[in-house]
Amino acid sequence: MEIKSDIQIAQETVMEPITTIADKLGIDSKYVELYGNYKAKIDYNLLKERTNPDGKLILVTAITPTPAGEGKTTTTVGLADGLTKIGKKVVVALREPSLGPVFGVKGGAAGGGYAQVVPMEDINLHFTGDMHAIGAANNLIAAMVDNHIYQGNKLGIDPRRITWRRCVDMNDRQLRFVTDGLGGKANGTPREDGYDITVASEIMAILCLSKDITDLKERLGNITVGYSYQNEPIKVKQLNGQGAAAALLKDALKPNLVQTLEHTPAFVHGGPFANIAHGCNSIMATRMALKLGDYVVTEAGFGGDLGAEKFLDIKCRMAGLKPAAVVVVATVRALKHHGGVAKCELNNENLAALEKGLPNLLQHVENMTQVYKLPCVVAINAFPTDTKAELDLVERKCNELGVNVALSEVWGKGGNGGIALANEVVRLCDQPNEFKFCYDENDTIANKLNTIAKKIYHADSVVFTSNALKQKNEIEKMGLDKLPICVAKTQYSFSDDATLLGAPKDFKVTVRNLKVSSGAGFIVALTGDIMTMPGLPPVPAAEKIDVDDKGVITGLF
């Protein structure tokens, strides 16, 4: 039997007109801005007229990622379709893919198999232009900073202490560090500079955390772009750049409405990375979904130590959200990888390796139930090579923690393969919970970081480099130390060392850089060797992507 690719399945699907999807949610046509037949932006003014109670918010997270794959987005989409199958009014809320991973290692981010959001080619490529708008706003601010210096520098900006970097939505290691302003006086002031990937920029975080256009403009104005010769922070509002940046972002702020293969409504909006940014879709899209559906299924990037921690400690804190339940996605294959099995051997039954790798899953589960006090279910993303003995072992170990396991077969069966998971999620949503944050945002920077490291990563402590200590003192002096923490850390381990698989113990986390994102409203702590501009792999996914003379794209996954 031929196994169809994700893009084949997506292209064979007959989509409903996006106006039909909007009608399902009761959205007045005056709020629907069409981008062709199958995509629309929904005007955020819709939120002003919706006074009904919010639906129930379900967070989908996962174990620590492995090359074996976990299928978090696939499970998210399949769960939503499963909830629809059992008669619930559901909305999915996902992040937008970045072009960097699409052309790099990870591929697209629209789900897979028979649990996808469509049109997948559009979503994975230019979509509605949000990424381009974010990049343009970011680079406008960068241009205004350098122009201010060129035109006389009334603010006394120190070119050696400009912290605002340019961005591009592509994995391009060559741009991590550049020297610009060369070519003589007419071409600017020579200085060291660099690029971040667009999804790691503070503009992306601001777009995703803004409650409305006024909040967006205020956050943009509060961005710190660098420091003066007198060591005073320089803000975008001192350059009068917040209005123009907001003008570039006014349409990007509107959530994008699409659909799943089974026509469940889906908002796909905002796309910060979770390893170097806060990893959640926009507050605007989540709030809109909660007003339009009885159940909202959303995901956070990478494993629970990154995306889920930031979703709960940053996004929920800022937006006043309270999740009703958490789904932790795992695969038997990935757990065997955490137990030391090579990728080429993962199809073979190996109960010893599975038992060795299971502590990774169990630590993520305990973090959700014990630290955040949230009801939780484990979704095992099914593979044909999983054996009954392996599945039984996972279930037994999870049951010992008081957590149920549901087999998710959504990749091959769509919503029908997610009904068991959907029923367990509904059961959990009906239970009361005592959701709490991991740390007190009013604690010191050091205490907040140590709390995350000890409670979530199970580390011994956090170590600051001399550079990070100096930056910590500066942030404290500016009075910005009472903000949430956004840890930039490898996604491949609970630790800051990508080679430490499973659930490592007795390690320290080294913070080498602290940066205040004063517009977004959090402090970024860079650990280990994490980069804010990824590079392409030896064989990029881009090499397999093509388009024919009819405009049909192939090779996306």
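1. Let's start with a long-range contact: Asp54 and Lys291 make a salt bridge, with the closest N and O atoms 3.0 Å apart. This pair ties together distant parts of the chain, since Asp54 sits in the loop between α3 (46–49) and β3 (56–62) while Lys291 belongs to helix α11 (residues 283–292), 237 residues apart. Asp54 is partly exposed at 44% relative accessibility, whereas Lys291 comes out as buried at 19%. Keep in mind that this is a predicted model.

2. Another salt bridge joins Asp130 to Lys41, with 2.9 Å between the closest N and O atoms. Here too distant parts of the chain are linked: Asp130 is in helix α7 and Lys41 is in strand β2 (residues 40–42), 89 residues apart. Asp130 is buried, at a relative accessible area of 2%. Lys41 is buried as well, at 0%.

3. Next, a pair of sequence neighbours. The side chains of Lys250 and Asp251 meet in a salt bridge at 3.2 Å, N to O. Asp251 is partly exposed, with 27% relative accessible area, and Lys250 is partly exposed too, with 41%.

4. How many salt bridges does a search of the whole structure find? The count is 27. Salt bridges also build a network, which links Asp146, Arg166, Asp180, Arg191 and Asp193.

5. Have a look at the open sheet of three strands, ordered β7-β12-β13 with antiparallel pairing. Its edge strands are β7 (157–162) and β13 (233–235), each pairing on one side only. From one strand to the next, the twist averages 50°. Between β7 and β12 (residues 224–228), the antiparallel pairing runs over two bridges, and Ile162 stands opposite Gly226 in β12. Helix α7 (residues 130–150) packs on this sheet and touches β7 and β12, its direction making about 130° with that of β7.

6. On to the aromatics. The whole structure yields one aromatic pair. Phe435 and Phe437 are the partners, and they meet edge-to-face, 5.3 Å centre to centre with 80° between the planes. Is Phe435 buried or exposed? Phe435 is buried, at 16% relative accessible area, while Phe437 counts as partly exposed at 29%.

7. Last, two arginines over rings. Arg317 has its charged end over the ring of Tyr439, 4.7 Å from the centre. Arg333 lies over the face of Phe383, 5.0 Å from the ring centre.

Note on methods. Residues numbered from 1 in each chain as written. Predicted model: local features only at pLDDT ≥ 70, side-chain atom pairs only at ≥ 80, totals over all residues. Heavy atoms only, no water. Phe/Tyr/Trp six-rings, centres within 6.5 Å; stacked < 30°, edge-to-face > 60°. Buried < 20%, exposed > 50% of the residue type's maximum accessible area, 1.4 Å probe, protein only. Lys NZ or Arg CZ within 6 Å of the ring centre and 35° of its normal. Pairing = 2+ DSSP bridges. Helix = DSSP H or I, 4+ residues; strand = E, 2+ residues; numbered from the N terminus. Axes fitted to C-alpha atoms, helices over the stretch in contact; angles between N-to-C directions. Contact = heavy atoms within 4.5 Å. Salt bridge = Lys/Arg side-chain N within 4 Å of Asp/Glu carboxyl O.
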